[in-house]
Amino acid sequence: SGELYCSLPNPRNVHFESVNMKNVLHWSAPEGTGDGVLYKVKYSVYGVGKWIRKPECRNINRTWCDLSNETSDYEEQYYASVKAFLSGMCSDWMETTRFNPLTDTKIDPPTVSLSSTERSISIILTAPEMWRSPEGESLSLLQVYPGLQYNVSVLNKKTKKRWFFSISNNTLVVPSLEPGTAYCVSAQIHVTTPLLHSGFSKEYCTDTLKDKTA
Amino acid sequence: SVTEIRSGFNAIKANIQARDPIKTLSILSYPHSLHKFKSSDRCCITHHLFNFYVDKVFKHCKTEDSYVNRKISSIANSFLSVRRKLGQCHEQNQCMCGQESTEKLDQILVNYEGLNVTSAAIKSLGELDILLDWMEKS
């Protein structure tokens, strides 16, 4: 295939890093090679017979390549592969394991917005945006994962008492709270099938209004 | 349950898929993805695919790794219990197979028999997430 003699050490740890379906191929430089190593990348759809070159990642010196567009059909599975070049020598093609965007992506925590009355807090949760191509339609997490739920933690900063809620829709009203008190809320996305969950978000805090009658 | 199958599979997915060097052929997805099938055919396809795995696949999935073998037999047992439930649903609902589903199930068997039995079984096992993703999709 007109390839050069391939005795260069191989790229290492070739793998996909995926967050909210933004699927980026990463690797480490071959052992013992300094600067000047260039790479090229190809990918394939599992079960389909051909490897496809990624032109934007040809002769690059960085050690990552965004393949989100090429792996955006999350009903398919993929492989990707990297080859290194240096001073007329090349490495072997080094492949990832089989990548399943649906189960192998990580999900960011939701954002939390709060409003309060004297004795209640209203919580609105917003799931992270899924990656989409510039011309593609936006895709909500709920469309991809119908079994999506939110785990919500509510902490009374004064008494340190904490409640946990598990909800399917993205709004929650927590009643029977103490007026004039600080409450902090943190939330996590939990998908039951396939089993996936985000970390908990940072804490968002608000005070309930003071009791006017007191 | 299906969740047990999923977690059992996740534990050995990388190991099993690494034993399948044939990237250019899929047992379940060639030539068309399972996701192409109408929800009305789900009962029939699920029923027959569970039979396929229980009757044809698991018995040929022996490895030299006892941990992997234990996981495979636990997945197989979960399949048996889910299949029992599917059988009752199948009897009650008489979920008939449309022509497209029948052709798809026949194609899966052709894909399977196109490889030697051990390679076909390991490849099918490595594609369990394709089946689970399709089943769990609403």
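A salt bridge is a side-chain nitrogen of Lys or Arg within 4 Å of a carboxyl oxygen of Asp or Glu. The exercises below apply to a predicted model.

**Exercise 1.** Decide whether the side chains of B:Asp20 and A:Arg98 meet in a salt bridge or stay outside the cut-off, and place the pair in its interface.

*Solution.* Begin with the distance from N to O, which is 3.1 Å for A:Arg98 and B:Asp20. The cut-off is 4 Å, and the pair is accordingly listed as a salt bridge. Across the interface of chain A and chain B, the rule finds 3 salt bridges, and the count of residue pairs in polar contact, both at pLDDT 80 or more, is 13. On the side of chain A that touches chain B, helix H1 (residues 101-104) gives the most, with 3 residues, while the residues of that side divide into 8 nonpolar, 6 polar and 5 charged.

**Exercise 2.** Describe the extent of the contact between chain A and chain B, and state which residues of chain A lose the most area.

*Solution.* Start with the residues: 19 of chain A are in contact with 21 of chain B. Turn next to the area, where the two chains bury about 1,700 Å² between them, 50% of it on carbon and sulfur atoms. In chain A, the most area is lost by A:Tyr46, A:Glu75 and A:Arg98, which together account for 34% of what that side buries.

**Exercise 3.** Explain why one side of strand E9 and of strand E13 in chain A lacks a neighbour in the sheet.

*Solution.* Write down the strand order, E9-E10-E13, in an open sheet of chain A with antiparallel pairing. Strands E9 (111-116) and E13 (171-174) stand at the edges with a single partner strand each, so one side of each is left without a neighbour.

Technical notes. Residues numbered from 1 in each chain as written. Chains lettered and ligands numbered in written order. Predicted model: local features only at pLDDT ≥ 70, side-chain atom pairs only at ≥ 80, totals over all residues. Heavy atoms only, no water. Contact = heavy atoms within 4.5 Å. Buried area = accessible area lost by both parts, 1.4 Å probe. Polar contact = N/O pair within 3.5 Å; in protein donor to acceptor, adjacent residues only side chain to side chain. Helix = DSSP H or I, 4+ residues; strand = E, 2+ residues; numbered from the N terminus. Nonpolar A, V, L, I, M, F, W, Y, C, P; charged D, E, K, R; others polar. Pairing = 2+ DSSP bridges.
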